[in-house]
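Reader: I am a first-year student, and I should be grateful for a close look at a single part of this protein. Would you please take one residue and its surroundings, and then work outward from there?

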Amino acid sequence: MLQPGGFKMVASPVVSCNSGFGLGSSGTDGGFKSFYKGSAGNEKSNNEDSEGSSWRTSSGDGFRGRGGRGGSRGGRGGFRNTFKSETDENGNDEGWKAGESRGRGRGGFRGGFRGGFRDGGDEETGRRGFGRETDENGNDEGWKGGEGRGRGRGGFRGGFRDGGDEETGKRGFGRGGFRGQNEEVFSKVSTADKVDQEAGENAGPKVVYVPPPPPEDENSIFSQFATGINFNKYDDIPVEVSGSNAPKAIMTFDEAGLCESLSKNVTKSGYVKPTPVQKYGIPIISAGRDLMACAQTGSGKTAAFLLPILQRFMTDGVAASKFSEVQEPEAIIVAPTRELINQIYLEARKFAYGTCVRPVVVYGGINTGYTIREVLKGCNVLCGTPGRLLDIIGRGKVGLSKLRYLVLDEADRMLDMGFEPDMRKLVGSPGMPAKEDRQTLMFSATFPEEIQRLAAEFLKVDYLFLAVGVVGGACSDVEQTIIQVDQYSKREQLLELLKTTGTERTMVFVETKRSADFIATFLCQEKISTTSIHGDREQREREKALSDFRTGQCPVLVATSVAARGLDIEHVQHVVNFDLPSNIDEYVHRIGRTGRCGNTGRAVSFFNPESDTPLARSLVKVLSGAQQTVPKWLEEIAFSAHGTTGINPRGRLFASTDTRKGGSFRTDEPPPASAPKPAAAADDEEWE
Ligand SMILES: Nc1ncnc2c1ncn2[C@@H]1O[C@H](COP(=O)(O)OP(=O)(O)OP(=O)(O)O)[C@@H](O)[C@H]1O
């Protein structure tokens, strides 16, 4: 039987979709029927009934495959349709990629697996042809479930790999390789290179995705995010540095003492003057001090740590990167999500342009062998998500003896319950210099007090605390609106809202991966070009979704918490909290995807009193802290919530300053009874 929530469908970003839904409005039960109309004119229908799900097209392709029942996902069951990339990337000259695998589809290849089609054929792989395919099947990933994604859901992402995208398709052989079920089969005939063999401890389907290479042309490397009308207002934000002997702030980039290459790169990036977090942060880091810095979303924290680190490397002369079986990076930067760490890497690469410093990025969801090869080519600045970073260190590919900087971006997230063990492992890794012998830097827009206390364990005793504005406060360039709704009117309200936003870029946040798919599909059916990003999507799909959103091909991105932090996407004018998050810091980060770098933005949040009342008080505080109108009804809810339930862990209040000053939780509230829930809902993201 179909389990509740027994389907999963990934909306195609570039298709417009005409659908008939057979779903209850909650979207949790029931059959499903939709019709996809591809850009190439292929029309597909997707139909799942309670037993054997089927998937058929009414297009000329005549595809008719049978997706079996789900059930591999630990009770979620269901059926997951990932035909999106096929339509948009391959539907042009090749026809549906599914066509490659059609016949096999009937064999129930999807039954019980999460995979379904897996096109797997990214451009890189395709270029390398078949030899590469075998190389890459060296089992270095183990089962997907074992990659931090599974969380006990079991199942694996088998299915077909038709290998075909534009590039691959041209090469013939790369297409149509059957990789369903167990990619180990391939590894047995593999001529895997050494790295992949070393990596192959866990047999099972491996991740073959190799991301496209980063841009090489200067224009793309230095593509700028235009500053907005409020950029100069950053100067009015109060700044506080606590701790002893803080160095003086700089007022211009000239005062930062950057070498010529770095200065040039700063100029080419369009940076004319530093933001407050840069004015204070750069000299603190240059002075060799540990730092915990908190500044509002979109205000330039990345450059605040990258520039002084790179400058130090230039002054002291780091070893030019060259191939070695073990790399010894001088800096490690960690961040909680793949897309964010990739963005940081691109920033590092931009600022290091024309120097001998080589940044490298490692994150889950891409081929490990490829990642390791990239690291071994030379690595001064290693950017990574925690899992992959620990993995590569554990494999002995990265030594830590030369490490001078350890940077935790989104540091409060990196130290909350989800990642704290990994961070402890990282600082406890063999060879990791003691905190006295390295410089540890932490950055975020939010820094709850309990996390600050924990963070202090990773820092030297005399670390400096930098607060630009109110710690955890929302960006004041974002106009925040809260609308009271009931659960069942949300979709209609969203539609209404999106009618007013037109083609302006909008991020719609939902609480679960299932709802992300559901809402994205719904919007597609309403002919709104939408894509989605969440932790159940293949990395390739995640990157494609982001890229389609960035370019405006899909002006609406439905996302879970995985996209809440750090992502810097130009022209995002709106954020919609279709579901409010479970804690206030998450809210601050989500709405901070707009209103960046002095630009203005709007955030609209649907407040359902049945589920969101616990957040009311902190919401009121955030709104008033950012000089926003607080609706009367919200104040009333907040007030009564206070009278009846006291503080709620969901509604954790933010700190207003350095905890070393004695703490700043409001004194009229008891401390939270239990540790607050991490930002991501339990049901939700795997962060790495
Ligand atoms: N001094 C500057 N002048 C012009 N643009 C800048 C400057 N500093 C940063 N920017 C740009 O502002 C944007 C936001 O910067 P960044 O992503 O570092 O913000 P952040 O504070 O880390 O945000 P978040 O808290 O969301 O992670 C980026 O596009 C960056 O290139």
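Author: Let us take T297, which counts as buried because its relative accessibility is 3%, and the cut-off for buried is under 20%. The model in which this value was computed is a predicted one. T297 belongs to the loop that runs between β11 (291-294) and α10. Leaving aside residues up to four places away in sequence, T297 is in contact with A445, C475, V588, H589, G592, R593 and R596.

Some background on the whole protein is useful here. The protein has 688 residues, of which 61% count as buried, and it contains 23 helices and 23 strands. Among contacts with a separation of 6 or more, 77% are between residues 24 or more positions apart.

From T297 we may follow the chain in both directions. The loop of T297 leads to α10, and α10 (301-316) is one of the two helices against which the buried residues of α8 pack; the other is α11 (338-351). Helix α9 (residues 276-286) also packs with α10, at an angle of about 30° and with the two axes 9 Å apart. The two helices therefore count as roughly parallel, since the cut-off for that description is an angle under 35 degrees. The crossing of α9 with α10 is right-handed. On the α9 side, the residues that meet α10 are V277, Q278, G281, I282, I285 and S286; on the α10 side, they are K301, A303, A304, F305, L307, P308 and R312. Sorted by class, this contact has 8 nonpolar, 3 polar and 2 charged residues.

Helix α8 (residues 260-268) deserves attention in its own right. Its buried residues are L262, N265 and V266. These three lie on the same side of α8, because they cover an arc of only 100° around the axis. A general rule helps in reading such a pattern: an α-helix has 3.6 residues a turn, so residues three or four places apart point the same way. On the other side of α8, E260 and T267 are exposed. Just after α8, G270 has a positive phi of about 85°.

The loop before α8 offers a point of comparison. N245 is located between β10 (239-242) and α8, and its phi is near 50°, a positive value in a residue other than glycine. Most residues other than glycine have a negative phi. N245 counts as exposed because its relative accessibility is 69%. A positive phi is also found at H571, where the value is near 70°. H571 sits in the loop between β21 (556-559) and β22 (572-577), and is partly exposed, with a relative accessible area of 45%.

Let us return to β11, the strand at the other end of the loop that holds T297. β11 is among the elements that cover the buried residues of helix α16; the cover also includes α14 (411-414), α15 (420-427), β16 (439-444) and β17 (464-468). In α16 (residues 449-456), the buried residues are E449, I451, Q452, L454 and A455.

In summary, the loop of T297 joins β11 to α10. At one end, β11 helps to cover the buried residues of α16; at the other, α10 packs with α9 and against the buried residues of α8.

How values were computed: Residues are numbered from 1 along each chain as its sequence is written. This is a predicted model: local features need pLDDT of at least 70, side-chain atom pairs count only at pLDDT 80 or more; totals for chains, interfaces and linings use all residues. Side-chain values use heavy atoms; hydrogens and water are left out. Buried means under 20% relative accessible area, exposed over 50%, partly exposed in between (1.4 Å probe, protein chains only). Helices (H or I, at least four residues) and strands (E, at least two) are DSSP runs, numbered from the N terminus. The arc is that of the directions from the helix axis to the C-beta atoms. Contact means heavy atoms within 4.5 Å. Axes are lines fitted to C-alpha atoms, for helices over the stretch in contact, and angles run from 0 to 180 degrees between N-to-C directions. Angles under 35 degrees count as roughly parallel, over 145 as roughly antiparallel, 65 to 115 as roughly perpendicular and the rest as oblique. A crossing is left-handed if the near helix is turned anticlockwise from the far one by less than a right angle, and right-handed if clockwise. Ala, Val, Leu, Ile, Met, Phe, Trp, Tyr, Cys and Pro count as nonpolar, Asp, Glu, Lys and Arg as charged, and the others, Gly among them, as polar.
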